[in-house]
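Pull the model up in your viewer and keep the sequence handy. We'll take a walk through it, one residue pair at a time.

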Amino acid sequence: MTVTLADVAARARVSPATVSRVLNGNYPVAASTRERVLRAVDDLDYVLNGPASSLAAATSDLVGILVNDIADPFFGIMAGAAQTQIGGPGDGSGRAGGEKLAVICNTGGSPERELTYLTLLQRQRAAAIVLTGGAVEDPAHQAAMAAKLAKLADAGTRIVFCGRPPLPDGDALVAALAFDNRGGGRRLTEHLISLGHRRIGYVAGPRERTTTRHRLEGHREALRAAGRADGSGEQGADDDRLIVHGPYDRRSGYEATLELLRRAPDVTAIVAANDTVALGACAAVRDQGMRIPQDISVAGFDDLPFSVDAVPALTTVRLPLFEAGTRAGRLAMGKENPPPGGIATIAAELMVRGSTAAPRG
């Protein structure tokens, strides 16, 4: 049943005119009244009519792109690529063609903010939503996301995941473009093992993120295949001393590497959660008076633009971020047919460069 403005007014115990004033923001309303109205809007999941041009249509000309941090090249590259397909140039005349208005929504990694943006986009009758990067593995949040996305899809909004696996119980997607983080993590650790490394430290991302879990699972698969997961080798896959978790930023890479070296000063290689974390790891290694790769090898993940210019250049795993973002934008605009089953796994490529080498001795 469609929730009406009158329903919101009854729930908030105010007049429909007051609800309208709060939602349109065109008349002063007491703070307590405003809070009561907004709480009723959220409780009832009321969808406000968007711009007048969208009133007669199922959706508007708005497309939302959700990112954790637009300043992070991982998200910026995907968002920029998607935007080229969503709001790209038309025929050069300056007249509007089939383009949409792409709006970047920066969640800061907050699950609550992610849901808030989806609600705001729902109220604006967004034509499509692209969600980038890994997801939070919290059952309550996943259930809330599935419910919200289902309502958006029912209203005609296209839902595309880019660099994110599908929800366990979600079926509202147009498509999910998921990176092979597990395979990339496995190949990276296999490379280090092939060079003779026996004590490999791991600076991981936040525990609750799908990206963290999948990359770490790949790392552990490589250790297990090399016979080091059952205690028979020098390193077990569950040796917590060799794994330190933290945010996906340089500071975390620096601090986690210092902690890792304190716990296990005999490590000969460090795998970082991503290239930005790897830069912090490299700085920490150098501040401890060690050389890369002569004394210790450092590897990253993502192959961000600066990784090849680091000194030495980072061995890393390349994810085709621009290509994935472009494809997500095309799917959001209906320019491309969804993959079979709605899910596509995007391969990860190992890029071997100067920051890894065989251990000394």
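Let's start with one pair of residues: Leu66 stands opposite Cys105, which belongs to strand S2. Keep in mind that this is a predicted model. The two strands involved here are S1, residues 62-67, and S2, and they pair in the parallel sense over six bridges. Cys105 has a relative accessibility of 3%, so it counts as buried, the cut-off being under 20%.

Now zoom out to the sheet. How many strands does the open sheet have, and in what order? There are six, with parallel pairing, and the order reads S2-S1-S3-S4-S5-S11. The edges belong to S2 (101-106) and S11 (343-346); each has a single partner strand, so one side of each is left without a neighbour in the sheet. On average, neighbouring strands of this sheet are turned by 15 degrees against each other, if you ignore direction.

Next, look at what packs on the sheet. Helix H4, residues 73-86, does so, and it touches S1, S2, S3 (128-132), S4 (158-162) and S5 (175-179). The direction of H4 makes about 170 degrees with that of S1.

Of the strands H4 touches, S5 is a good one to stop at. Is S5 mostly covered or mostly open? Mostly covered: five of its five residues are buried. Ala175, Leu177 and Phe179 point one way, while Ala176 and Ala178 point the other way, and all are buried. That fits the usual picture, since in a regular strand the side chains alternate between the two faces of the sheet.

S5 has pairing on record with two strands. With S4, the pairing is parallel over three bridges, and there Val160 stands opposite Ala175 of S5. With S11, the pairing is again parallel, over four bridges, and the bridge partner of Ala176 in S11 is Ile343.

Phe179 leads us to the rings. How many aromatic pairs does a search of the whole structure find? It finds two. In the pair of Phe74 and Phe75, the ring centres are 5.0 Å apart and the planes are at 85 degrees, so the pair is edge-to-face. In the pair of Phe74 and Phe179, the centres lie 6.4 Å apart with the planes at 70 degrees, so this pair is edge-to-face as well. The Phe74 and Phe179 pair links distant parts of the chain: Phe74 is in helix H4, Phe179 is in strand S5, and they are 105 residues apart. Put together, the ring pairs link Phe74, Phe75 and Phe179 into a cluster.

Why do these three rings count as buried? Because buried means under 20% relative accessible area, and Phe74 comes in at 8%, Phe75 at 7% and Phe179 at 7%.

Rings also turn up with charges over them. The charged end of Arg164 sits over the ring of Phe161, 5.4 Å from its centre. Elsewhere, Arg113 has its charged end over the ring of Tyr117, 4.6 Å from the ring centre.

Finally, back to the cysteines. Cys162 has 1% relative accessibility, so it counts as buried, and Cys105, where we came in, is buried at 3%. As for disulfides, the structure holds zero.

Methods. Residues are numbered from 1 along each chain as its sequence is written. This is a predicted model: local features need pLDDT of at least 70, side-chain atom pairs count only at pLDDT 80 or more; totals for chains, interfaces and linings use all residues. Side-chain values use heavy atoms; hydrogens and water are left out. A disulfide is a pair of cysteine sulfur atoms within 2.5 Å. Buried means under 20% relative accessible area, exposed over 50%, partly exposed in between (1.4 Å probe, protein chains only). Two strands pair if DSSP finds at least two bridges between them. Axes are lines fitted to C-alpha atoms, for helices over the stretch in contact, and angles run from 0 to 180 degrees between N-to-C directions. Contact means heavy atoms within 4.5 Å. Rings of Phe, Tyr and Trp (its six-membered ring) pair if their centres lie within 6.5 Å; planes under 30 degrees apart count as stacked, over 60 as edge-to-face and the rest as tilted. A charge sits over a ring if NZ of Lys or CZ of Arg is within 6 Å of the ring centre and within 35 degrees of the ring normal.
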